[in-house]
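Visitor: Walk me through the fold, please. Start with the sheets, then the helices.

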Amino acid sequence: MTIISAAGLRKDFTVRVKAGRLRRERRTVSAVDGVDLAVERGEMLGYIGPNGAGKSTTLKMLTGVLAPTAGEVRVCGLTPVAQRTRLALRIGVVFGQRSQLWWDLPLRESFGLLRHIYRVPSADHAARLRRCRALLELDAFLDTPVRQLSLGQRMRGELTAALLHGPEVLFLDEPTIGLDVVSKQAVRGFLAELGATGDVTLVLTTHDLADIERLCRRLVVVDHGRVVHDGTIEELHGRYGSRRVLVADLDAPLPAGFAVAGATVEAVEADGHRVQLSLDGGVGAGTVVAALAGAAPLRDLSVREPAIEDVVARLYRS
Ligand SMILES: Nc1ncnc2c1ncn2[C@@H]1O[C@H](COP(=O)(O)OP(=O)(O)OP(=O)(O)O)[C@@H](O)[C@H]1O
């Protein structure tokens, strides 16, 4: 069942730009320029794109913060801006840069206030909080005022705050930005578990592609306000011809002019003792390794899967 749908979604901003020494001109920036999107209940969707691509603006329209300039948008069967209050009960929002917690209150009290605001039945609230406390290890700082929390602790608090009313969709804008490695892993692990239940639909924007690899099967890539890819990570690799790379260390130099069907020699290093070959799609490493072993004695081998960073960088450049 479709839980989020957008058709021809647009957002224009009017900005004033310098046009000469004293003059300023009005100019229209199309931050979101005709986005079509359909997200099924329970999906985990990664929304990525270079700086200024329109990700945050899209999320703001989906959550009812910004009114679209044009186009249709429905979330949980509601029109976000017009039905913002009703929508707020059905979605959770975590914007990495902004807080929904009370700065001077301990986390525990912020959570209590949110229970009243959202009118969550006591038992449901307690059960959800128990789960978050366990999975996000909140107990050590539950009674600390929010302003004294580290970024990683605060983010764990933000996630909890966004989930206590039992939302159907969780929108996350850069949920791991600025976090250390351990906190990132904690947040990702938690979101992975949450997504695996299928009860919550996750939509997240990120510049950290490890978030995507860990959490999302489907990836939407936007650039200049338009969707330039919508599909699985595998489809992205297929479309941009990502190739696996075989790295072999040899006990004797590779004979000059070495060639093998199904692979391309990308680099020969260390006076011919190390060779990198990229494998054609569908070609197993075995035949290439056999050909190499026939040409020079093999010492060590590794096969590198295509990195999502590489394919996304190529996509942004193109
Ligand atoms: N309130 C605003 N007024 C004018 N222009 C805006 C406003 N908000 C966003 N923009 C412009 O719209 C475009 C898209 O911005 P947006 O913040 O949605 O991009 P983003 O993909 O989230 O970028 P980033 O990865 O840097 O967070 C940018 O060119 C930005 O300068």
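Guide: One open sheet has three strands in the order β2-β1-β4, paired antiparallel. Its edge strands, which pair on one side only, are β2 (24-40) and β4 (70-75). From one strand to the next the twist averages 25°.

Visitor: Before I go on, what kind of model is this, and what pLDDT do local features need?
Guide: The model is predicted: local features need pLDDT of at least 70 and side-chain atom pairs count only at pLDDT 80 or more, while totals for chains, interfaces and linings use all residues. Residue numbers start from 1 along each chain, following the sequence as written.

Visitor: And what counts as a strand, a helix or a pairing here?
Guide: Both elements are DSSP runs numbered from the N terminus: helices are H or I with at least four residues, strands are E with at least two. Two strands pair if DSSP finds at least two bridges between them.

Visitor: OK. How many bridges between β1 and β4?
Guide: Five bridges join strand β1 (residues 2-18) to β4, in the antiparallel sense.

Visitor: Which residue in β4 is the bridge partner of S5?
Guide: R74 is the bridge partner of S5.

Visitor: Changing topic: what does the domain assignment give?
Guide: Domain 1 covers 2-239 and domain 2 covers 245-308. Such bounds come from an automatic or database domain assignment. Taken over C-alpha atoms, the centres of domain 1 and domain 2 are 44 Å apart.

Visitor: What is the strand order in the open sheet of four strands?
Guide: The order is β11-β12-β10-β13, and the pairing is antiparallel. Here β11 (263-269) and β13 (298-304) are the edge strands, each pairing on one side only. On average, neighbouring strands of this sheet are turned by 20° against each other, direction ignored.

Visitor: How are β10 and β12 registered?
Guide: Strand β10 (residues 245-250) pairs antiparallel with strand β12 (residues 274-279) over five bridges. L246 has L277 of β12 as its bridge partner. Helix α9 (residues 285-295) packs on the sheet and touches β10, β11, β12 and β13, and its direction makes about 155° with that of β13.

Visitor: What does "touching" mean, and how are the angles defined?
Guide: Two residues are in contact if their C-beta atoms, placed from the backbone, lie within 7 Å. Axes are lines fitted to C-alpha atoms, for helices over the stretch in contact, and angles run from 0 to 180 degrees between N-to-C directions.

Visitor: Back to the strands: how many bridges between β11 and β12?
Guide: β11 and β12 pair antiparallel over six bridges. Within that pairing, V268 stands opposite V275 in β12. The two strands, β11 and β12, form a hairpin with four residues between them, and A270 in the turn has a positive phi of about 50°.

Visitor: Helices now. At what angle do α5 and α6 pack?
Guide: Helix α5 (residues 151-163) and helix α6 (residues 181-196) pack at about 15°, and their axes are 10 Å apart. That makes α5 roughly parallel to α6. The cut-offs are under 35 degrees for roughly parallel, over 145 for roughly antiparallel, 65 to 115 for roughly perpendicular, and oblique for the rest.

Visitor: Is the crossing of α5 and α6 left- or right-handed?
Guide: The crossing is right-handed; that is, the near helix is turned clockwise from the far one by less than a right angle, whereas anticlockwise would be left-handed.

Visitor: Which residues meet there?
Guide: From α5, G152, M155, R156 and L159 meet S183, A186, V187 and F190 of α6. By class, the contact of α5 with α6 has five nonpolar, two polar and one charged. Nonpolar means Ala, Val, Leu, Ile, Met, Phe, Trp, Tyr, Cys and Pro; charged means Asp, Glu, Lys and Arg; the others, Gly among them, are polar.

Visitor: And α4 against α5: at what angle do they cross?
Guide: The axes of helix α4 (residues 122-136) and α5 cross at roughly 155° and come within 10 Å. That makes α4 roughly antiparallel to α5. This crossing of α4 and α5 is right-handed. R128, L129, C132 and L136 of α4 make the contact with R156, L159, T160 and L163 of α5. The contact of α4 with α5 has five nonpolar, one polar and two charged residues.

Visitor: Last one: which residues of α3 meet α5?
Guide: L107, S110, F111 and L114 in α3 meet G157, T160 and A161 in α5. The contact of α3 with α5 divides into four nonpolar, three polar and no charged residues. Helix α3 (residues 107-117) packs on α5 at about 20°, with the axes 10 Å apart.
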